[in-house]
Amino acid sequence: MTKILLVGCGKMGSAMLAGWLERGTSPGDVVVVEPSCPDLGSVRVVASHAAIPEGFVPHVVIFAVKPQVMADVVPPYARFGTSLFLSIAAGKTIAFFRSLLGPDAVIVRAMPNTPAAVRRGITVCCAEASVPAQARDLCGSLLEAVGEVGWVDDEALMDVVTAVSGSGPAYIFLLAEAMEAAGLAQGLPPALAERLARATVAGAGELLRLSSETTQQLRQNVTSPGGTTAAALAVLMAEKNGIPGLMSEAVAAATRRGRELAG
Ligand SMILES: NC(=O)C1=CN([C@@H]2O[C@H](COP(=O)(O)OP(=O)(O)OC[C@H]3O[C@@H](n4cnc5c(N)ncnc54)[C@H](OP(=O)(O)O)[C@@H]3O)[C@@H](O)[C@H]2O)C=CC1
Ligand SMILES: O=C(O)[C@@H]1CCC=N1
């Protein structure tokens with residue numbers, strides 16, 4: 001069985017861990033390094049790399065700590081030189097990990113998202129051409145435990161992926177928040193405003209998932225000529241300050257931030 005060393009068990013690490021266990025990974029095959037040492041049932045948790053049980057040789061080391069601490073966290077793991085190293089950090093490049101892990105390290109960079117917590121994430125992976133198919137397959141199967149997986153060859157695209165799907169759930173939650181606030185402002189009781197916003201975003205998401213129609217067609221299906229939706233979309237799709245322009249600026253800003261985090 002695949003032996004997994006998970007470094008960082010916060011929001012993303014814990015979502016992946018839950019997915020692996022659900023898919024049949026034995027708790028005994030996982031060691032988690034997490035300073036707060038949370039109780040993870042029969043999964044062994046240690047506070048630092050120094051406490052990893054002797055004799056535990058992972059097939060894969062997964063870095064799921066914040067990009068800002070990565071340079072301090074990664075170096076001690078170079079001792080697992082025969083392992084595959086998988087990072088899910090925003091910004092941090094394959095070259096960055098190679099500089100800390102050595103020239104022969106096998107490294108895959110991936111970008112999942114928080115719907116992984118309900119096994120409905122999407123992850124994009126990237127690896128250099130020299131990374132063997134077996135290593136790619138291992139990453140693919142670990143990440144498929146929490147949702148869909150795709151690959152890109154051009155690492156520069158990873159910052160754009162991060163800006164669209166990595167950060168993207170936040171944009172959708174903001175939309176739900178804004179719909180709730182707008183409903184309140186128009187006189188809905190708070191509980192109903194929240195329920196309507198949440199159910200509408202979730203229901204529209206499910207329709208989007210199951211339908212073969214384009215996003216544009218799904219939008220048009222709601223929009224009766226001269227009706228209420230058309231009145232709202234005239235505001236939301238305005239050339240100035242409409243959602244398309246704002247989203248474009250937002251994704252560009254997130255992409256730029258990813259590039260800054262690389263350094
Ligand atoms: N949240 C998201 O939507 C997504 C995040 N990512 C990426 O995933 C990574 C993790 O993000 P996220 O899960 O949100 O962050 P969290 O802060 O929730 O999790 C990171 C965890 O790592 C722990 N940690 C800190 N130092 C160490 C160490 N030396 N060894 C082991 N663990 C340590 C932190 O503990 P403590 O809090 O005590 O410091 C924390 O529990 C980031 O690189 C991020 O870019 C990728 C896709 C989506
Ligand atoms: O905000 C961030 O930097 C991380 C990466 C993608 C989602 N959260």
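1. Position of K66. In this predicted model, K66 sits in the loop that runs between β4 (60–63) and α2 (67–73). K66 counts as partly exposed, because 13 other C-beta atoms lie within 10 Å, and a buried residue would need 20 or more. The UniProt record, in an unreviewed entry, applies the annotation "binding site" to K66 together with A64, V65 and P67.

2. The neighbouring P67. In contrast to the loop position of K66, P67 belongs to helix α2. P67 has 18 other C-beta atoms within 10 Å and is therefore partly exposed. Leaving out residues up to four places away in sequence, P67 touches A89, A90, G91, K92 and L261. One of these contacts, A90, reappears among the closest residues to ligand 1 and also among the residues around ligand 2.

3. The surroundings of ligand 1. Which residues come closest to ligand 1? They are G8, G10, M12, A89 and A90, within a shell of 25 residues. Helices α1 (11–22) and α2 each supply at least two residues of that shell. By class, the shell divides into 15 nonpolar, seven polar and three charged residues.

4. The surroundings of ligand 2. The residues around ligand 2 are A90, T162, G166 and S167. One of the residues in this shell is nonpolar and three are polar, while no charged residue takes part.

5. The annotated N-terminal region. The UniProt record, again an unreviewed entry, places the feature "domain: Pyrroline-5-carboxylate reductase catalytic N-terminal" at residues 3–91. Over this stretch the chain is 21% helix and 21% strand. The C-alpha atoms at the two ends of residues 3–91 are 26 Å apart.

6. The nonpolar core. The largest nonpolar core holds 54 residues, and L6, V7 and I62 touch the most other members. With residues up to four places away in sequence set aside, L6 touches G13, L17, V30, V32, I62 and A64. The contacts of L6 thus include I62, itself one of the three residues that touch the most other core members. They also include A64, which the UniProt record lists under "binding site".

7. Overall architecture. The protein has 10 helices and eight strands. Along the principal axes, the C-alpha trace spans about 70 × 40 × 30 Å. Of its 263 residues, 30% count as buried. Among contacts with a separation of 6 or more, residues 24 or more positions apart account for 59%.

8. Division into domains. The domain assignment gives domain 1 (4–158) and domain 2 (168–262). Their C-alpha centres lie 32 Å apart. The contact between them takes nine residues from domain 1 and six residues from domain 2. On the side of domain 1 that touches domain 2, four residues are nonpolar, four are polar and one is charged.

9. Positive phi at C37 and R119. Two residues other than glycine deserve a look for their backbone angles. Phi of C37 is near 45 degrees, a positive value, and phi of R119 is near 60 degrees, also positive. C37 is found in the loop between β2 (30–33) and β3 (44–46), whereas R119 lies in the loop between β6 (106–111) and β7 (121–127). Is C37 buried or partly exposed? C37 is partly exposed, because 14 other C-beta atoms lie within 10 Å. R119 has 15 C-beta neighbours inside 10 Å and so counts as partly exposed.

10. The loop at A78. A78 is found in the loop between α2 and β5 (84–87). With 14 other C-beta atoms within 10 Å, A78 is therefore partly exposed. Beyond neighbours within four places in sequence, A78 is in contact with L100, L101 and G102. A78 and A95 are 17 residues apart in sequence, and their C-alpha atoms are 14 Å apart in space.

Notes. Residues are numbered from 1 along each chain as its sequence is written. Chains are lettered from A and ligands numbered from 1 in the order in which they are written. This is a predicted model: local features need pLDDT of at least 70, side-chain atom pairs count only at pLDDT 80 or more; totals for chains, interfaces and linings use all residues. A nonpolar core is a set of buried Ala, Val, Leu, Ile, Met, Phe, Trp, Tyr and Cys residues joined through C-beta atoms within 7 Å. A residue is buried if 20 or more other C-beta atoms lie within 10 Å of its own, exposed if 12 or fewer, and partly exposed in between; C-beta atoms are placed from the backbone. Two residues are in contact if their C-beta atoms, placed from the backbone, lie within 7 Å. UniProt positions are given in the numbering used here, feature names are shortened, and annotations may be inferred rather than shown by experiment. Helices (H or I, at least four residues) and strands (E, at least two) are DSSP runs, numbered from the N terminus. A residue is near a molecule or strand if its C-beta atom, placed from the backbone, lies within 6 Å of it. Ala, Val, Leu, Ile, Met, Phe, Trp, Tyr, Cys and Pro count as nonpolar, Asp, Glu, Lys and Arg as charged, and the others, Gly among them, as polar. Domain bounds come from an automatic or database domain assignment.
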